[in-house]
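Biologist: Could you take a close look at one part of this structure for me, the surroundings of the second ligand? I'd like to hear what lines that spot and how those pieces sit in the rest of the protein.

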Amino acid sequence: MDREMTPPRFAALIPAAGSGSRLGFGIPKALVDLQGKTLLERAIENLAPLVDEVVVALPEGQSIESPVKQIVGGNTRQDSVFRLLQATEADFVLIHDAARPFLGAKVLERIKGRVIQSGAVTAALPATDTLVHSSGGFWGYLVDRSKTWAVQTPQAFRRTLILDAHLKALQEGFEATDDAGLANKYGSNVELVLGDSRLFKVTTPADFELATAFAQLWDQKRSTPS
Ligand SMILES: Nc1ccn([C@@H]2O[C@H](COP(=O)(O)OP(=O)(O)OP(=O)(O)O)[C@@H](O)[C@H]2O)c(=O)n1
Ligand SMILES: C[C@](O)(CO)[C@H](O)COP(=O)(O)O
């Protein structure tokens, strides 16, 4: 008798509970308007068509008008993601910062295409600038650029793998800047998948200026049938 194969289920998990202190607009960064849509709305609209479920972590006391599942985030990004992981039972999770509003379908397809086999993948870009390790504000030593990548989101994992890494980190009090770092720390081989320079993170007012200028072009392209 043929066994029926059910396709794996994917959840998009969006940490959006940060305060945006480096942006300094006085409201949570994910809820800042960028040319008619908030950063969070943009993240949801990019991810929703390619997953079975979307869950967002928001600052306490905030909610959005959207059918997606909403939970309260934690004090750190890591804590917000840990809470998001407990809010889904999907086989695979795509974790993506609300602060990266320009996520195209091609990057997402690349990430989804690799995670089933790899179990742990992240979008990343090979470094293009000269890189140095600094010492007291001066040139310390040159870093080998040919082996250096800048890590972005989305990052995708088999849910049980990344949940296990988060649980171990919690037990040990280990903090990482991202989930790929946690997966690597607890023994997973994290595959680097080519990201995109348009996936930059809106962190500072200068990033926001750039995002404002670029959003019009992005929205125009999305509404033009290819
Ligand atoms: N306690 C936190 C902190 C951050 N994030 C989310 O993690 C992503 C990346 O974080 P970052 O760009 O550092 O956002 P903020 O923490 O808001 O910024 P800042 O550090 O400048 O305050 C953002 O989508 C942010 O909302 C979160 O969900 N929960
Ligand atoms: C997760 C991340 O976007 C990968 O580059 C990055 O580490 C987040 O850093 P932040 O200081 O929390 O913005």
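Modeller: Start with strand 10, residues 149-158, which gives the largest share of the shell around ligand 2, namely three residues. Bear in mind that this is a predicted model. The full set around ligand 2 reads R77, D97, V151, Q152, T153, T177, D178, K201 and T203. By character, that shell splits into four charged residues, four polar ones and one nonpolar.

Now for strand 10 itself. Seven of its ten residues are buried, so strand 10 is largely enclosed by the rest of the structure. Who are its neighbours? Strand 6, residues 92-95, pairs with strand 10 in the antiparallel sense, over four bridges. If you want to find that pairing on screen, go to L94, whose bridge partner in strand 10 is A156. Strand 7, residues 120-126, is also antiparallel to strand 10, and here the pairing runs over six bridges. A handy place to spot this one is L125, with A150 as its bridge partner in strand 10. As a general point, side chains in a regular strand alternate between the two faces of the sheet.

Next, follow R77, another of the residues around ligand 2. Helix 2 covers residues 77-85, and seven of its nine residues are buried, so this helix too is largely enclosed by the rest of the structure. R77 is itself one of those buried residues, and the others are Q78, S80, V81, F82, L84 and L85. What covers them? The cover includes two helices, helix 4 (159-172) and helix 5 (179-185), along with strand 1 (10-15), strand 4 (53-58), strand 5 (69-72) and strand 6. You've met strand 6 already: it is an antiparallel partner of strand 10.

Finally, zoom out to the whole chain. The protein has six helices and eleven strands in total, and 35% of its 226 residues count as buried. Plenty of its contacts span the sequence: among those between residues at least 6 apart, 69% join residues at least 24 apart. The C-alpha atoms fill a box of roughly 70 × 40 × 40 Å along the principal axes. As for overall size, the radius of gyration is 18 Å, which agrees with the value near 17 Å that a compact globule of 226 residues would have.

Notes. Residues are numbered from 1 along each chain as its sequence is written. Chains are lettered from A and ligands numbered from 1 in the order in which they are written. This is a predicted model: local features need pLDDT of at least 70, side-chain atom pairs count only at pLDDT 80 or more; totals for chains, interfaces and linings use all residues. The radius of gyration is taken over C-alpha atoms; the globule rule is 2.2 Å times the number of residues to the power 0.38. A residue is buried if 20 or more other C-beta atoms lie within 10 Å of its own, exposed if 12 or fewer, and partly exposed in between; C-beta atoms are placed from the backbone. Two residues are in contact if their C-beta atoms, placed from the backbone, lie within 7 Å. A residue is near a molecule or strand if its C-beta atom, placed from the backbone, lies within 6 Å of it. Ala, Val, Leu, Ile, Met, Phe, Trp, Tyr, Cys and Pro count as nonpolar, Asp, Glu, Lys and Arg as charged, and the others, Gly among them, as polar. Two strands pair if DSSP finds at least two bridges between them.
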